[in-house]
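I opened this model to look up how its helices are packed and where its aromatic rings pair up. My entries are kept in the order in which I looked.

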Amino acid sequence: MSKNNTAPKIKQAPGKPHPKDLPEAFLAFQRMGIKALKKKNNPHFKNDYADLEEVLSACSQANQFNIIHYFKSSITEGGTLIIEAVMEFVPTKERWTISIPCYCADRNNPQKLGSAITYAKRYSLSTLFALSSADDDGNQGSQRPDKPSTEKIKVENVMDTTTNEEDPF
């Protein structure tokens, strides 16, 4: 914030119209087709992924439309850590948020807790900004399913079709 408690002006890209509200600014951002690049490899799952740094970099492209992003966190009465990603349109202070619970089996292990927080930040921001990326499953989701067995299945009638006058159900 500046000395007079107003939000700083974010420099607009030359020749681009100034969005009037968050939906218009978000649409302008989406039209750019920004993707979070998958530069990291997870050897356990044998896949590539976009790390938090890549997601933050992709979301920062929205700054030219006066959109900023940040995180907040809170803890529920039950002790669950909640990570909240916030998208804010600076001129009007309009905000869109998404909250994701941060699950960690061992909160006393700082490494595991840090990983869970990073994971929640990465996915909350990716979801909020509707970032797309390459296919995570190596196109497995688009493969044709195995053909169903043509072997005949024996079906037994387990329903009692007799009626009982006393019981209408």
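The entries below cover two helices, one residue in particular, and the ring contacts.

**Entry 1, the model.** I note that this is a predicted model.

**Entry 2, L22.** I looked up L22 and found it in helix α1, which covers residues 22-31. L22 is buried, with a relative accessible area of 0%. I then asked which residues L22 contacts, leaving aside neighbours within four places in sequence. They are I67, M87, F89, E94, R95 and W96. For one of these, W96, I looked up the separation: W96 and L22 are 74 residues apart in sequence, yet their C-alpha atoms are 8.4 Å apart in space.

**Entry 3, the rest of α1.** I listed the buried residues of α1 as L22, A25, F26, A28 and F29. Seen down the helix axis, they fall within an arc of 160°, so they line one face of α1. That buried set packs against α2 (52-60), β3 (67-75), β4 (81-89), β5 (94-102) and α3 (110-128). I also checked both ends of α1. At its start, a side-chain oxygen of D21 comes to within 2.9 Å of the backbone nitrogen of E24. Just after α1, G33 has a positive phi of about 65°.

**Entry 4, α2.** Here I found L52, E54, V55, A58 and C59 buried. Their arc around the axis is only 160°, which puts them on the same side of α2. Among the elements covering these residues are α1, β3 and α3.

**Entry 5, aromatic pairs.** How many aromatic pairs does the structure hold? I count three, and I wrote up two of them. F26 and W96 pair edge-to-face, with 5.4 Å centre to centre and 70° between the planes. F26 is in helix α1 and W96 in strand β5, so this pair ties together parts that are 70 residues apart in sequence. I looked up the exposure of each partner: F26 is buried, at a relative accessible area of 16%, whereas W96 is partly exposed at 32%.

The pair of Y119 and Y123 is tilted, with centres 4.6 Å apart and planes at 45°. These two tyrosines are four residues apart in helix α3, so about one helical turn separates them. Y119 is partly exposed, with a relative accessible area of 47%, and Y123 is also partly exposed, at 34%.

**Entry 6, a charge over a ring.** Last, I looked at K121. Its charged end sits over the ring of F71, 5.1 Å from the ring centre.

Key
Residues numbered from 1 in each chain as written. Predicted model: local features only at pLDDT ≥ 70, side-chain atom pairs only at ≥ 80, totals over all residues. Heavy atoms only, no water. Buried < 20%, exposed > 50% of the residue type's maximum accessible area, 1.4 Å probe, protein only. Contact = heavy atoms within 4.5 Å. Arc of directions from axis to C-beta. Polar contact = N/O pair within 3.5 Å; in protein donor to acceptor, adjacent residues only side chain to side chain. Phe/Tyr/Trp six-rings, centres within 6.5 Å; stacked < 30°, edge-to-face > 60°. Lys NZ or Arg CZ within 6 Å of the ring centre and 35° of its normal.
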